[in-house]
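Welcome to this tour! Keep your viewer open and be ready to select things as you read.

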Amino acid sequence: MLQAATMRLNQNTLLLGKKVVLVPYTPEHVPRYHEWMKSEELQRLTASEPLTLEQEYAMQQSWREDADKCTFIVLAAEKWQGQPGPSEESCMAGDVNLFLTDLGDPSLGEIEVMIAEPSCRGQGLGTEAVLMMMAYGGDTQADNE
């Protein structure tokens with residue numbers, strides 16, 4: 001798994017899969033993410049409380065600084081590659097997170113994925129995002145040993 005400062009570790013990382021592209025969660029993504037999280041269904045499924053836009057920006061920043069988290073925004077690869085110069089926000093499908101559950105043992109962690117964009121569900125994007133996050137965590141741990 002990953003060492004301390006996990007979120008900052010991926011700040012310049014782009015992971016390209018067949019169905020998804022994983023990019024670091026930046027302020028550019030917050031407005032779309034905030035719109036998703038207004039959904040009562042997503043709040044219930046993610047055990048989340050509704051936040052103001054300002055609180056969402058603060059949460060994104062805090063996640064960048066947390067030593068026990070690594071978050072990528074999941075982009076739909078077909079949209080990302082199929083348009084000339086699309087904004088990442090227009091290609092967003094969800095997010096995938098790696099949480100270290102024991103900072104003393106970086107091999108212990110939890111992965112969660114949310115495909116928030118309804119049109120992107122049921123296509124295997126979440127499965128690929130989780131597999132890519134597992135590989136990224138394992139590769140990063142091997143690089144740090």
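Before we start, here is a definition for later: Ala, Val, Leu, Ile, Met, Phe, Trp, Tyr, Cys and Pro count as nonpolar, Asp, Glu, Lys and Arg count as charged, and the others, Gly among them, count as polar. Please also keep in mind that this is a predicted model.

**Stop 1: the whole chain**

Show the protein chain as a cartoon. You will find 7 helices and 5 strands, which follow the pattern α-β-β-α-α-α-β-α-α-β-β-α along the sequence. Of the 145 residues in the chain, 43% are buried. Now switch on the surface: the protein chain exposes about 7,600 Å², with carbon and sulfur atoms supplying 52% of that area.

**Stop 2: R32**

Next, select R32, which sits in helix α2 (residues 30-36). Is R32 buried or exposed? R32 counts as buried because its relative accessibility is 19%, and the cut-off for buried is under 20%. Now display the side chain of E117 as well: a polar contact of 2.6 Å links it to the side chain of R32. Leaving aside residues up to four places away in sequence, R32 touches E89, S90, C91, M92 and E117.

**Stop 3: L51**

Move on to L51, in the loop between α3 (40-46) and α4 (53-65). L51 has a relative accessible area of 28%, so it is partly exposed. Which residues does L51 touch, not counting those up to four places away in sequence? They are H34, E56 and M59. Try a distance tool too: from C-alpha to C-alpha, L51 and K38 are 8.1 Å apart in space, with their positions 13 residues apart in sequence.

**Stop 4: the largest pocket**

Time to look for empty space. The largest pocket holds about 350 Å³. Select Y33, M37, T46, S48 and W63, the closest to its centre of the 18 residues that line it. Then colour α4, β4 (92-100) and β5 (109-115), since each supplies at least two residues of this lining. By class, the lining has 10 nonpolar, 4 polar and 4 charged residues.

**Stop 5: the second largest pocket**

Finally, select K18, K19, A76, A77, E78, K79, S119, C120, Q123 and L125, which line the second largest pocket. Its volume is about 160 Å³. Which helix gives the most to this lining? Helix α5 (residues 77-82) does, with 3 residues. Using the classes from the start of the tour, the lining divides into 4 nonpolar, 2 polar and 4 charged residues.

Terms used: Residues numbered from 1 in each chain as written. Predicted model: local features only at pLDDT ≥ 70, side-chain atom pairs only at ≥ 80, totals over all residues. Heavy atoms only, no water. Helix = DSSP H or I, 4+ residues; strand = E, 2+ residues; numbered from the N terminus. Buried < 20%, exposed > 50% of the residue type's maximum accessible area, 1.4 Å probe, protein only. Polar contact = N/O pair within 3.5 Å; in protein donor to acceptor, adjacent residues only side chain to side chain. Contact = heavy atoms within 4.5 Å. Areas by Shrake-Rupley, 256 points an atom, 1.4 Å probe, with all protein chains shown as cover. 1 Å grid on protein atoms, 1.4 Å probe; cavity = no way out; pocket = protein on both sides within 12 Å on 5 of 7 lines; lining within 4 Å. Points joined across faces, edges and corners; volume = space filled by probe spheres on them.
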